[in-house]
Amino acid sequence: MCPCNLVADAEEPAESPRLDALDDYESLDSQADARFERIVGLAADLLDVPIALVSLLEEDRLWLTARFGLALPRTPRDWAFCSSRLLGEELLVVEDATLDARLAGAPLVAGAPGLRFYAGVPLVTPQGRRIGALCVLDRRPRRFAAPQRRLLRRLASTVVDLTESLATARALERKERRLSLAELSQMEQIRYGRIFENSLNEIYLFDALTLRIVAANRGARENLGYGEPELRDLTPLDLMPGVGLASFERLLDALRGGRRRSVLFERPQRRKDGTSYPAEVTLELDSSGDWPLFVALVQDATEKRTYRRDLGRALELTRSILEACQEAIASFRPLYDDKGEIADFECLQANAAARRMHGLPAGEMVGARLLDLWPGWRGTRLPGLLREVVLQREPVTLERSYADGRRDGWFRISAAATGEGGLTLVIADIGEQKQHERALQRSNQALDQFAGGVAHDLQTPIGQIAGFTSLLERHLGTDIPPKARATMGYIAQATENMSRLVSSLLDFARLGRLTFDPQPVALRQLVEQCLEEVAGELGEAKVSLSMSDLPEIPGNATLLKQVFQNLIGNALKYRSAAPLALTIHGELTPSSLRIFLEDNGIGIEARHAERIFEVFRRLHADGSPYPGLGMGLALTKTIVEAHDGRIWLDTARPATASGSRFVVELPLSLRESGAAGPAAPLRGRCRPPAA
Ligand code: ADP
């Protein structure tokens with residue numbers, strides 16, 4: 001609070017006209033006029049006080065236009081002593097501020113310079129507007145008698161008169177200067193040339209002294225709706241409602257004084273028809289010509305604003321989604337060591353789940369180091385892997401067990417590089433899922449062992465039945481009645497079927513316990529071997545094989561051969577009346593090999609596409625011309641998935657195509673054991689190739 005001002009505070013309704021009046025007088029921010037300085041010096045002498053001031057109140061501060069005995073040029077407005085209560089008073093005298101409840105605690109009273117006495121008269125314009133005050137102050141209490149009060153009032157009137165005549169002089173100067181502007185604008189227009197005229201932005205030039213617009217390009221004229229001559233009657237302030245001369249002059253002063261090369265601000269720009277639009281204005285001073293000119297470049301900021309608003313909404317939406325997400329999501333920036341290598345990461349943002357996972361409030365999470373959040377990762381391969389993610393910009397997903405004494409379990413970690421060289425981690429606690437998986441694995445293993453055991457145990461009695469049946473046949477010799485012979489034939493057939501079923505079961509059970517060491521496998525050779533083995537059955541069949549130039553893949557040749565034996569065997573078995581046509585074609589994708597096996601057999605309805613891969617699932621009743629156990633495709637699928645591959649029936653074939661087409665996809669490299677992905681029965685049991 002400064003006891004040197006008698007005008008209204010911000011709540012005062014008459015504020016706006018008062019500020020306009022200030023602008024008219026152009027006193028704010030201008031260099032202290034020697035004439036005002038003389039008046040305050042005179043006031044101090046005549047009234048025998050150490051301090052005298054002319055103060056003007058602008059929007060946010062008190063401006064001490066002329067001062068005697070006080071170095072302070074301006075004070076924040078909320079220091080101002082005045083209140084609307086005082087506005088009506090002609091003269092305010094405070095003989096001892098320490099005795100005045102309103103002032104005793106004010107900083108300039110309670111602290112340095114320890115002001116005690118105050119007398120002030122408002123400066124009132126002929127229109128009745130109060131724009132500031134003339135005041136005298138002292139560091140000790142004093143009386144202020146009637147003659148002194150009269151003197152102070154008269155001096156205040158002199159200040160107002162002087163301000164008035166300065167404003168009039170300025171207006172006159174402008175008028176004269178305008179006379180030469182037509183010529184000036186032509187000159188300047190030529191200098192700025194066609195670029196100026198044809199620019200899509202609004203550009204106008206205005207006189208650095210009078211602020212009158214001297215030229216405006218087509219963009220400005222069209223957008224504002226003014227003709228060139230009309231614009232020349234205006235100043236930028238006429239186009240920017242709400243910008244006061246004082247604050248505008250301050251901006252311009254920064255350019256005039258060379259403190260800034262350009263200034264940028266956003267203000268509504270008013271068109272001739274009264275409508276306005278948000279505009280981004282860049283101002284520069286051009287003092288290269290005869291007359292210094294300001295160049296204003298104006299861009300319509302409507303789109304920018306809409307974009308900012310939409311962006312704000314989108315960000316808010318993303319933020320709320322991230323916050324609601326159950327997985328811990330956090331973004332990091334890399335921290336480098338002396339050698340310029342990434343040594344750690346610093347958390348920039350973390351969602352609620354991440355904060356919960358680490359038991360940290362947002363304030364502590366932000367700024368935390370990654371290796372402090374996950375100390376158990378120190379000395380493991382993971383930090384190096386995350387570095388690679390940032391450098392190679394290749395996302396990864398891993399499942400890792402974790403223990404640091406405080407926390408242990410299993411976590412799924414997805415890491416991706418962000419646009420600015422940072423890292424985003426999405427981490428899910430999969431401890432429970434892992435427990436279920438392990439329980440399932442244990443029960444599957446037990447089941448495999450049981451099935452294997454049963455199948456193995458069954459082989460002996462089945463073999464015995466077959467053996468006893470043929471023994472019986474031999475004992476009876478030729479005496480067997482035909483019916484009994486037929487029955488014995490059925491027994492032999494059934495036993496053989498049972499034996500095949502049991503050995504398939506055994507195969508299946510063995511497959512479940514199989515461990516293989518992947519070796520490079522050339523699929524073309526494998527398929528050729530399978531075809532040779534059934535050459536006799538193929539007979540007249542038309543076989544077309546195109547699998548050249550395919551790279552080897554990691555896998556187990558014996559198992560993979562079984563895949564193609566099954567598929568080729570099925571093509572032979574499920575042939576139609578037409579001679580068999582079998583096409584086997586291989587294709588290389590960036591990460592896998594795809595083998596297409598297409599036949600012209602009886603075909604499979606699309607609705608059975610999934611079921612045919614189930615164990616013991618057959619599409620043919622017993623006694624159909626197509627014998628089988630319904631295990632071939634199930635075994636095939638298990639083997640393919642053990643190689644991290646996929647097999648499917650292609651149901652998207654043209655309606656005219658008969659037969660069926662199977663697709664086997666095998667990756668060019670096997671996933672590391674423990675990597676994320678759908679659980680396949682053998683996954684985790686096949687070891688990756690040795691590096
Ligand atoms: P199986 O041949 O012993 O019945 P699979 O598991 O090999 O058992 O096949 C499952 C079912 O898929 C078969 O019963 C058959 O209906 C169908 N199938 C498999 N391959 C073909 C094929 N190439 N053409 C038509 N149907 C097929």
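Before we start: two strands count as paired if DSSP finds at least two bridges between them. Keep in mind that this is a predicted model.

**Exercise 1. Work out how S9 and S10 pair, and which strands form the edges of their sheet.**

Step 1. Take the pair itself. S9 and strand S10 (residues 276-286) run antiparallel and share 9 bridges. The cut-off is at least two bridges, so these two qualify. One position to look at is Ser262, which sits opposite Glu284 in S10.

Step 2. Zoom out to the open sheet, which has 5 strands in the order S8-S7-S11-S10-S9, with antiparallel pairing. Strand S8 (213-216) and strand S9 (262-270) are the edges, as each pairs on one side only. From one strand to the next, the twist averages 25°.

**Exercise 2. Find what helices H10 and H11 touch or lie across, and their angles to S10.**

Step 1. Start with helix H10 (residues 245-256). This helix packs on the sheet and touches strand S7 (202-207), S9, S10 and strand S11 (293-300). The direction of H10 makes about 30° with that of S10.

Step 2. Now helix H11 (residues 302-324). H11 lies across S9, S10 and S11, and runs at about 115° to S10.

**Exercise 3. Decide whether Lys434 and Glu420 are buried or exposed.**

Step 1. Lys434 belongs to helix H16 (residues 431-476). Its relative accessibility is 10%, and buried means under 20%, so Lys434 counts as buried.

Step 2. Check the company Lys434 keeps. Setting aside neighbours within four places in sequence, Lys434 is in contact with Glu399 and Trp410. With Glu399 there is a polar contact between the side chains, at 3.0 Å.

Step 3. Glu420 is in the loop between strand S15 (408-417) and strand S16 (423-429). With a relative accessible area of 74% and the exposed class starting over 50%, Glu420 is exposed. Its C-alpha atom is 8.5 Å from that of Arg333, although the two residues are 87 apart along the chain.

**Exercise 4. Describe the surroundings of the ligand and say how much of its area the protein covers.**

Step 1. List the neighbours. The ligand is surrounded by 21 residues, the closest being Asn570, Tyr574, Arg618, His620 and Leu633.

Step 2. Look at the polar distances. A side-chain N or O atom of Asn570 is 2.9 Å from an oxygen atom of the ligand. For Asp599, a side-chain N or O atom is 2.9 Å from a ligand nitrogen. Ser660 has a polar side-chain atom 3.3 Å from a nitrogen atom of the ligand.

Step 3. Finish with coverage: on its own the ligand has 530 Å² of accessible area, and the protein covers 97% of it.

Methods. Residues numbered from 1 in each chain as written. Predicted model: local features only at pLDDT ≥ 70, side-chain atom pairs only at ≥ 80, totals over all residues. Heavy atoms only, no water. Helix = DSSP H or I, 4+ residues; strand = E, 2+ residues; numbered from the N terminus. Axes fitted to C-alpha atoms, helices over the stretch in contact; angles between N-to-C directions. Contact = heavy atoms within 4.5 Å. Buried < 20%, exposed > 50% of the residue type's maximum accessible area, 1.4 Å probe, protein only. Near = heavy atom within 4 Å. Polar contact = N/O pair within 3.5 Å; in protein donor to acceptor, adjacent residues only side chain to side chain. Areas by Shrake-Rupley, 256 points an atom, 1.4 Å probe, with all protein chains shown as cover.
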